[in-house]
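Trainee: I should like to learn how the features of a protein model are read. Could you take me through a case?

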Amino acid sequence: MIDQPGSVMGNGTIDADALWHDIMETAQIGATPKGGICRLALSEEDRQVRDWFTRTCSALGATVTHDSMGNQFARVEGEDPSLPPIAIGSHLDTQPTGGKFDGIVGVLSGIAILRTLHETGRRTRHPIEIVNWTNEEGARFAPAMLSSGVFARIFTPEFTMGRTDPDGMRFDKALEAIGAAGEERCGAHPLAAYLELHIEQGPVLEAEHCTIGIVTGVQGMRWYEVTVTGRDSHAGTTPMSMRADALQAAARLMASVQDIALNRPPHAVGTVGMVSVRPNSRNTIPGEVCFSVDFRDPNDEVVSAMENSFRDRAGALARAHDVNIGIREIWDSPAVHFDQRLIDAVSHAARSAHLPAREITSGAGHDAAYLARIVPTTMIFVPCAGGISHNESESATRDDIAAGATVLLHTLLQADRQLAPASRD
């Protein structure tokens with residue numbers, strides 16, 4: 001059991017061994033040969049881990065339900081039935097070559113808190129809900145954070161249900177295939193607050209020997225799908241001066257993504273993560289190239305400036321290479337600033353537990369970014385080795401995760417005492 005000197009808890013601790021056991025046990029569901037996890041949203045592996053979530057939370061006295069988007073809620077009642085719940089959560093789906101800690105640490109730390117409350121018999125004023133948000137990663141159905149987005153009214157249910165994976169499977173059919181859709185309308189019930197624990201997915205905390213990241217917000221990010229259309233023709237008989245080579249134009253445009261970000265230090269980042277070439281034959285000049293672009297910065301004006309530079313570069317390359325270039329924005333998540341009261345609660349909890357901490361902005365997208373638009377929200381980060389994430393070698397320590405869960409518990413208890421009910425239009 002872990003408790004730190006000076007703890008504000010006093011009469012309850014996090015069982016670090018049980019939390020670590022849960023992490024290692026769930027890591028076997030969708031385990032890869034290299035030690036990671038492939039557990040795509042609404043897959044058979046996702047169904048298995050959802051069943052595990054239901055069994056585990058039910059054994060701790062929680063009532064588990066799911067809404068129309070497949071989001072799972074494990075609820076324990078509070079002393080005041082008129083109050084909306086405080087939610088703790090993250091996601092159980094992974095990247096195709098994901099690690100053991102991304103997302104699931106937030107869900108399992110919530111379960112660890114349920115275990116503490118259950119074993120001590122302590123009841124909070126508010127009900128508590130542990131949430132598993134469907135399709136946070138966006139690896140199977142793009143964009144990311146689809147179901148928390150519906151909950152927060154960012155996406156419509158119709159938009160989300162119609163999303164398709166690379167094999168043409170619709171989101172609604174995938175929900176049906178694993179029996180994940182519930183009757184409750186997504187977002188129908190109010191929340192008092194939302195808290196999310198996560199590995200940092202970056203190198204800052206480890207480099208500065210900090211155990212706790214006090215997350216103040218999430219940087220702005222936009223995703224694009226780019227299609228470069230030229231003319232496929234014979235590689236041996238078409239003179240260089242008469243080609244409309246989609247790949248040559250696309251390669252130069254992809255290279256510009258890095259230059260655009262490097263020209264806007266210190267925080268801007270730009271990434272090309274997916275590429276497809278058609279007809280993809282060694283002796284045919286490519287006629288079409290599709291690729292993704294991801295721009296991010298804590299300042300939305302910088303993100304807009306990067307987009308404008310990218311579009312200008314695309315126009316110049318289209319003219320130079322006699323191709324057409326289409327750019328479609330598929331996701332725009334503006335910069336988010338978390339609730340100052342909850343940020344202060346995290347800071348107080350870290351100090352009380354004598355844990356080294358610093359404020360930090362999240363470079364990655366999280367469900368918390370959408371929840372922050374409708375309820376008081378904040379996040380807590382813990383280090384991950386080398387800042388590596390979305391990778392099978394992703395690693396974090398038992399003690400750091402337990403420390404993060406301890407701070408999460410203390411933050412929950414302070415929020416439970418101080419927050420008034422949140423209302424929704």
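Mentor: We shall discuss strand pairing, aromatic pairs, burial and a pocket in turn. Please keep in mind that this is a predicted model.

Trainee: Let us begin with strand pairing. With which strands does S7 pair, and in which sense?

Mentor: Strand S7 covers residues 220-229. Its pairing with strand S12 (residues 288-297) is antiparallel and runs over 10 bridges. With strand S13 (residues 324-333), S7 also pairs in the antiparallel sense, over nine bridges.

Trainee: Which residues are bridge partners of valine 228 and threonine 227?

Mentor: Valine 228 has valine 289 in S12 as its bridge partner. For threonine 227, the partner in S13 is glycine 326.

Trainee: Is S7 mostly covered or mostly open?

Mentor: It is mostly covered, with seven of its 10 residues buried.

Trainee: How is a pair of aromatic rings described?

Mentor: Two quantities describe such a pair: the distance of the ring centres and the angle of the planes. In this structure, a search of the whole model finds 11 aromatic pairs. One of them joins tyrosine 224 and phenylalanine 295, whose ring centres are 6.1 Å apart and whose planes stand at 65°.

Trainee: Why is that pair called edge-to-face?

Mentor: Planes over 60 degrees apart count as edge-to-face, and the planes of tyrosine 224 and phenylalanine 295 stand at 65°, so the pair falls in that class. This pair links distant parts of the chain, since tyrosine 224 belongs to strand S7 and phenylalanine 295 to strand S12, 71 residues apart. Tyrosine 224 and phenylalanine 295 are both buried.

Trainee: With which other ring does phenylalanine 295 form an aromatic pair?

Mentor: Phenylalanine 295 also pairs edge-to-face with phenylalanine 310, at 5.9 Å centre to centre and 75° between the planes. Here strand S12 is linked to helix H9 (residues 300-321), which holds phenylalanine 310, and the two residues are 15 residues apart. Phenylalanine 310 is buried, as is phenylalanine 295. Elsewhere, ring pairs link Phe73, Trp133, Phe151 and Tyr194 into a cluster.

Trainee: Let us turn to burial. Why does phenylalanine 291 count as buried?

Mentor: The cut-off for buried is under 20% relative accessible area. Phenylalanine 291 has 3% relative accessibility and therefore counts as buried. This residue lies in strand S12. Leaving out residues up to four places away in sequence, phenylalanine 291 touches several residues, including Tyr224, Val228, Leu253, Met274 and Phe310. Val275 is also among its contacts, and the C-alpha atoms of phenylalanine 291 and valine 275 are 4.3 Å apart, although 16 residues separate them along the chain.

Trainee: Is glutamine 414 buried or exposed?

Mentor: Glutamine 414 counts as buried, because its relative accessibility is 12%. It lies in helix H12 (residues 398-418). Beyond its neighbours within four places in sequence, glutamine 414 is in contact with Ala345 and His348.

Trainee: Finally, how should I read a pocket? What is the volume of the second largest pocket, and which residues line it?

Mentor: One may consider the volume, then the lining and its classes. The second largest pocket has a volume of about 160 Å³. Its lining includes Leu60, Val76, Glu77, His118, Arg122 and Thr124. Helix H3 (residues 104-120) gives the largest share of that lining, three residues. By class, the lining of this pocket comprises four nonpolar, four polar and three charged residues.

Terms used. Residues are numbered from 1 along each chain as its sequence is written. This is a predicted model: local features need pLDDT of at least 70, side-chain atom pairs count only at pLDDT 80 or more; totals for chains, interfaces and linings use all residues. Side-chain values use heavy atoms; hydrogens and water are left out. Buried means under 20% relative accessible area, exposed over 50%, partly exposed in between (1.4 Å probe, protein chains only). Helices (H or I, at least four residues) and strands (E, at least two) are DSSP runs, numbered from the N terminus. Two strands pair if DSSP finds at least two bridges between them. Rings of Phe, Tyr and Trp (its six-membered ring) pair if their centres lie within 6.5 Å; planes under 30 degrees apart count as stacked, over 60 as edge-to-face and the rest as tilted. Contact means heavy atoms within 4.5 Å. On a 1 Å grid over the protein atoms alone, a cavity is a set of points where a 1.4 Å probe fits but cannot get out, and a pocket is an open set with protein on both sides within 12 Å along at least five of seven lines; lining residues have an atom within 4 Å of a point. Grid points are joined across faces, edges and corners, and a volume is the space filled by probe spheres set on the points. Ala, Val, Leu, Ile, Met, Phe, Trp, Tyr, Cys and Pro count as nonpolar, Asp, Glu, Lys and Arg as charged, and the others, Gly among them, as polar.
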